[in-house]
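User: Please take a close look at a single part of this model and describe it in a connected account. I would like the account to begin with a loop residue and its surroundings.

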Amino acid sequence: MSSSSPEVDARAVRGTPVEDDLGWALGVVFRRYAKAAADALTDIPGGPRGYQVLATTIREEPKRQLDLAAQLDVDRTVMTYLLDDLEKAGLVQRQPDPTDRRARLIAPTEQGKEVLCDLERRLQAREDLVMSGLDDGERMVFRMLLQRIAAQANQIDPLRNACALAEETVDPADT
């Protein structure tokens with residue numbers, strides 16, 4: 001049987017402060033980022049999901065509507081309404097698929113590309129606010145370490161859709 005010091009015994013009785021808990025820290029930072037990001041994306045139809053669709057159409061070759069829905073893990077009916085709204089806003093367009101006349105390819109418009117650049121600037125400004133307690137070097141190290149942990153965690157429990165995670169975690173009434 002080992003004896004412990006009075007300081008160790010006192011800490012055991014008091015418990016660990018919540019600020020020392022990894023889950024608490026991750027949750028607080030994620031909640032703050034998710035709220036800030038949602039605020040930056042209020043002008044785009046569909047909010048974070050609309051942003052994800054627009055970004056995907058710009059960064060990749062045009063895809064069929066159903067393929068885009070499957071890639072982003074969006075119900076095909078929801079994708080139809082989302083694309084309708086993005087198309088009405090002039091951000092994407094449906095084009096005939098030359099290989100299948102029944103299908104439509106989703107492509108960005110020039111306005112959509114401009115809007116995405118603006119949204120990315122807004123998101124970067126919100127990220128800068130969230131990470132304002134760190135200098136540039138600390139931000140780089142934090143991001144590198146977080147990405148390493150995230151990659152390892154994603155191998156164990158893959159996440160297909162970041163927007164789905166945000167929707168599970170953030171109550172819209174909190175934004």
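The account below starts at that loop residue and then turns to the elements around it.

Analyst: The model is predicted. Thr109 sits in the loop that runs between strand 3 and helix 6. Its relative accessibility is 15%, and because buried means under 20%, Thr109 counts as buried. Leaving aside residues up to four places away in sequence, Thr109 touches Gly90, Leu91, Val92 and Gln93. With Gly90 there is a polar approach as well: a polar atom of the Thr109 side chain lies 2.5 Å from the backbone oxygen of Gly90.

Next come the strands. Strand 2 covers residues 92-97 and strand 3 covers residues 100-108; the two pair in the antiparallel sense, over 6 bridges. Together strand 2 and strand 3 form a hairpin, with 2 residues between them. One of the bridges joins Pro96 to Arg104, the latter in strand 3.

On the other side of the loop is helix 6, residues 110-130, and helix 6 is included in what covers the buried residues of helix 2. Those buried residues are Ala34, Ala36, Ala37 and Ala40. Helix 2 itself comprises the 19 residues 22-40; at 1.5 Å a residue it should span 27 Å, and its end C-alpha atoms are 27 Å apart, so the expected span and the model agree. At the N-terminal end of helix 2, Asp21 acts as a cap, with a side-chain oxygen 3.1 Å from the backbone nitrogen of Gly23.

Notes:
Residues numbered from 1 in each chain as written. Predicted model: local features only at pLDDT ≥ 70, side-chain atom pairs only at ≥ 80, totals over all residues. Heavy atoms only, no water. Helix = DSSP H or I, 4+ residues; strand = E, 2+ residues; numbered from the N terminus. Expected span 1.5 Å × (residues − 1). Buried < 20%, exposed > 50% of the residue type's maximum accessible area, 1.4 Å probe, protein only. Contact = heavy atoms within 4.5 Å. Polar contact = N/O pair within 3.5 Å; in protein donor to acceptor, adjacent residues only side chain to side chain. Pairing = 2+ DSSP bridges.
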